[in-house]
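Colleague: I have a few questions about this chain before I go back to the bench. Could you take me through the model?

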Amino acid sequence: MGDGSETIGGDFWFNVNTKQVESGPQSDWSQLLGPYATREEAQGALAQVERNNEAWEDDDA
């Protein structure tokens, strides 16, 4: 990227505090889920986390 920002593996991140998608990691890593290849994947990040949590809970039962 020519603007001095660096991304690792993808261009889009989901900020769990603001509930916004960021193009490139703009916030502290502790607030981000990602990286995701597309904006749409990043927008679905929380839904995917919830599905994963439910699946893991089902496996533990």
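Colleague: How many helices and strands are there in the protein chain?

Modeller: This is a predicted model, so what follows rests on a prediction. Along the sequence, the elements follow the pattern β-β-β-α-α. The protein chain therefore holds two helices and three strands.

Colleague: What share of the residues in the protein chain is buried?

Modeller: A residue counts as buried when its relative accessible area is under 20%. The protein chain has 61 residues. Of these, the buried residues make up 18%.

Colleague: Which residues form the aromatic pair, and how are their rings arranged?

Modeller: The structure holds one aromatic pair. Its members are Trp13 and Trp29, with 5.0 Å from centre to centre and 75° between the planes. Planes over 60 degrees apart count as edge-to-face, so the pair of Trp13 and Trp29 is edge-to-face.

Colleague: How many residues apart in sequence are the parts that this pair ties together?

Modeller: Trp13 lies in strand E1, residues 12-15. Trp29 lies in the loop between strand E2 (20-23) and strand E3 (32-36), so the pair ties together parts of the chain whose separation in sequence is 16 residues.

Colleague: Is Trp13 buried or exposed?

Modeller: The relative accessible area of Trp13 is 4%. The cut-off for a buried residue is under 20%, so Trp13 counts as buried.

Colleague: Which residue does a cis peptide bond join to Gly34?

Modeller: The omega of this cis peptide bond is about 15°. The partner of Gly34 is found in strand E3 and is partly exposed, with a relative accessible area of 34%. That partner is Pro35.

Colleague: What separates the C-alpha atoms of Pro35 and Gly24?

Modeller: Pro35 and Gly24 are eleven residues apart along the chain. In space, their C-alpha atoms are separated by 8.3 Å.

Colleague: Which residue has a positive phi although it is not a glycine?

Modeller: The phi in question is about 60°. The residue is placed in the loop between E1 and E2, and at 49% relative accessibility it counts as partly exposed. It is Lys19.

Colleague: How far apart in space are Asp28 and Asn15, C-alpha to C-alpha?

Modeller: Asp28 is found in the loop between E2 and E3 and is partly exposed, with a relative accessible area of 46%. In sequence, Asp28 and Asn15 are 13 residues apart. Their C-alpha to C-alpha separation in space is 9.0 Å.

Colleague: Where does Glu41 lie, and what separates its C-alpha atom from that of Phe12?

Modeller: Glu41 lies in helix H1, residues 39-43, and at 40% relative accessibility it counts as partly exposed. Along the chain, Glu41 and Phe12 are 29 residues apart. Their C-alpha atoms are separated by 8.3 Å.

Colleague: Which residues gather in a patch of negative charge on the surface?

Modeller: One of them, Glu57, lies in helix H2, residues 45-60. Exposed means over 50% relative accessible area, so Glu57 counts as exposed at 54%. The patch gathers Glu50, Glu54, Glu57, Asp58, Asp59 and Asp60.

Technical notes: Residues are numbered from 1 along each chain as its sequence is written. This is a predicted model: local features need pLDDT of at least 70, side-chain atom pairs count only at pLDDT 80 or more; totals for chains, interfaces and linings use all residues. Side-chain values use heavy atoms; hydrogens and water are left out. Patches are made of residues with over 30% relative accessible area and no salt bridge: like charges are joined within 9 Å, nonpolar side chains (Val, Leu, Ile, Met, Phe, Trp, Tyr) within 5 Å. Accessible areas come from the Shrake-Rupley method with a 1.4 Å probe; for residues, only the protein chains shown count as cover. A salt bridge is a side-chain nitrogen of Lys or Arg within 4 Å of a carboxyl oxygen of Asp or Glu. Lys and Arg count as positive and Asp and Glu as negative; His and the chain ends are not counted. The place of a charge is taken as NZ of Lys, CZ of Arg, CG of Asp or CD of Glu. Helices (H or I, at least four residues) and strands (E, at least two) are DSSP runs, numbered from the N terminus. Buried means under 20% relative accessible area, exposed over 50%, partly exposed in between (1.4 Å probe, protein chains only). Rings of Phe, Tyr and Trp (its six-membered ring) pair if their centres lie within 6.5 Å; planes under 30 degrees apart count as stacked, over 60 as edge-to-face and the rest as tilted.
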